[in-house]
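Work through the exercises below with the sequence and the 3D structure at hand. Each task is followed by a solution in steps.

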Amino acid sequence: MNVHNAELSPAEQLRANVSVPFSSATAMPKSVYTSEEFLAQELEHIFAKEWLCAGRADALKEPGDYLTMDIAGEPVIVLRDRDGQLRALSNVCRHRMSTLLEGRGRARAIVCPYHAWTYNLDGSLRGAPGMTLNEGFCKDQISLPSIRCVDWNGWIMVTLNPDAPEPHEHLKELDNLVGYLDMASYTETFREELNWNTNWKVLGENFMESYHLPVCHSDTIGGFVSLEKMTCPEGFPAFNYHYIFKTDDAPLTNAHPANTTLTGDQRTKTWLISVYPALFITLTPGYFWYLSLHPDGPGKVKVLYGGGLHPDYVNDPQAQENFVKVKALLDSVNDEDKGCTEKVYQGLLSKLGGPGALSHLERPNFEFAQYIASKIPG
Ligand code: FES
Ligand SMILES: [Fe+2]
């Protein structure tokens, strides 16, 4: 079958694309990146169904700290409530449906910007001016719908799906692999929201292969890695991963010299973890950084970009200074990735372009394509 046959729907093209062994795999067909129809399917069957990451739990430290996000078109508030629990709520007022909060901040209560209906941090309606004469209005029966939200190893995970298995269950193999680094113990030191002109999967795929590091990142980290020191084992249904070893001059990457609990390879291994669908974590014994993605049209992606330090480095008086250097390096790397992934999207829009063969270093990309294909019906 010609897997790039325009007669087939994007989902059918993708299914054909992933039905070959990895040893003869090619990149995903163009339509799964550029088609509005396919994006609508991804929103419905992936983004509205899976666990997505809203950032790090330590970014919402105090009661009333909140952030807002959109999940498949659904406005959502994530906050720390009075009891110190993370909680996610609908960000839509129960009066005439204005959205409530914007951006990030700290609030004692959630006050609608339209007519000032006011909600407690558990979503219950606290007060509503001028409503005493409506006989059907019953304040005690009104609250913002709750959305599932858990702290998984320090990551705020949110889903609109009442039936999704708990992340601790769903991702237990990942805990088995990287549990020794205790992701929950890392401290977030920066967080930014970016908008890039590429498809969300192009950026995800860029993350899940280190094949591009020596070339795309030749001006930054390219020299710290070699293609021979990259290992891409088979992944799991909920995530894929690979790991690399960098040279000793890569700053902050290896275990702190004073650390006595990490041994052997644990001291030097950099993990690149892709938690499906859209959380991408680089985890080293010294620091971490991550991207959490949400599509904003076929050719646009919203990027939450953050990172921080392992506790050994947080407690090192020089660490903040060192991390400023690492952050500057990560920003440059990110700029290079932006350039590479936006170029790919330009290529995906071309008529003459078409997907080519994958390297053995792109096994995670093939598994990601299989995952996407498994979620989209039709
Ligand atoms: S829409 Fe929120 S108070 Fe009217
Ligand atoms: Fe990169």
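Two strands count as paired if DSSP finds at least two bridges between them. The model used here is predicted.

**Exercise 1. Edge strands of a sheet**

Task: Find how many bridges join strand 12 to strand 13, and in which sense the two strands run.

Solution.
Step 1. Strand 13 covers residues 239-245, and 2 bridges join strand 12 to strand 13. The requirement for a pair is at least two bridges.
Step 2. The two strands run antiparallel. Met230 stands opposite Ile244 in strand 13.
Step 3. Place the pair in its sheet: 7 strands form an open sheet in the order 11-17-16-15-14-13-12, with antiparallel pairing. Strand 11 (187-196) and strand 12 (230-231) are at the edges with a single partner strand each, so one side of each has no neighbour in the sheet.

**Exercise 2. A strand inside the same sheet order**

Task: Determine which strands form hairpins with strand 15, and how many of the residues of strand 15 are buried.

Solution.
Step 1. Strand 14 (residues 269-275) is joined to strand 15 by 5 bridges, and the two run antiparallel. Ile273 has Ile281 in strand 15 as its bridge partner. Strand 14 and strand 15 form a hairpin, with 3 residues between them.
Step 2. Strand 15 also pairs with strand 16 (residues 287-295) in the antiparallel sense, over 5 bridges. Here the bridge partner of Leu283 is Phe288 in strand 16. Strand 15 and strand 16 form a hairpin too, with 3 residues between them.
Step 3. Buried means under 20% relative accessible area. In strand 15 (residues 279-283), 5 of the 5 residues are buried.
Step 4. Sort these residues by face: Leu279, Ile281 and Leu283 lie on one side, Phe280 and Thr282 on the other, and both faces are covered.

**Exercise 3. The sheet that contains strand 1**

Task: State the strand order of the open sheet that contains strand 1, and name the strands at its edges.

Solution.
Step 1. The order is 1-10-9-4-3-2-5, an open sheet of 7 strands with antiparallel pairing.
Step 2. Strand 1 (52-56) and strand 5 (104-106) stand at the edges; each has a single partner strand, so one side of each is left without a neighbour in the sheet.
Step 3. On average, neighbouring strands of this sheet are turned by 25 degrees against each other, direction ignored.
Step 4. At one edge, 3 bridges join strand 2 (residues 65-71) to strand 5, and these strands run antiparallel. The bridge partner of Tyr66 in strand 5 is Gly105.

**Exercise 4. The iron site**

Task: List the donors of the iron ion (ligand 2) and decide whether the site is tetrahedral or irregular.

Solution.
Step 1. His212 (NE2), His217 (NE2) and Asp337, the last through two OD entries, coordinate the iron ion (ligand 2) at 2.0 to 2.6 Å.
Step 2. A tetrahedral site needs all angles between 85 and 135 degrees. The angles among the 4 donor atoms are 55 to 150 degrees, and the site is irregular.
Step 3. Along the chain the donors follow the spacing H-x4-H-x119-D. His212 is in the loop between helix 6 (200-208) and helix 7 (213-216), and Asp337 is in helix 9 (residues 319-348), so the pair ties together parts that are 125 residues apart in sequence.
Step 4. His212 is buried at 13% relative accessible area, and Asp337 is buried at 6%.

**Exercise 5. Helix 6**

Task: Identify the residue that caps the N-terminal end of helix 6, and say how many residues of helix 6 are buried.

Solution.
Step 1. The cap is Asn199, with a side-chain oxygen 2.8 Å from the backbone nitrogen of Lys201.
Step 2. In helix 6, 9 of the 9 residues are buried, so the helix is largely enclosed by the rest of the structure. Among them are Trp200, Leu203 and Phe207.

Definitions and conventions:
Residues numbered from 1 in each chain as written. Chains lettered and ligands numbered in written order. Predicted model: local features only at pLDDT ≥ 70, side-chain atom pairs only at ≥ 80, totals over all residues. Heavy atoms only, no water. Donors = N, O, S within 2.8 Å, 3.2 Å for Na, K, Ca; no water. Tetrahedral: all angles 85-135°; square planar, octahedral: opposite > 155°, others 65-115°. Helix = DSSP H or I, 4+ residues; strand = E, 2+ residues; numbered from the N terminus. Buried < 20%, exposed > 50% of the residue type's maximum accessible area, 1.4 Å probe, protein only. Axes fitted to C-alpha atoms, helices over the stretch in contact; angles between N-to-C directions. Polar contact = N/O pair within 3.5 Å; in protein donor to acceptor, adjacent residues only side chain to side chain.
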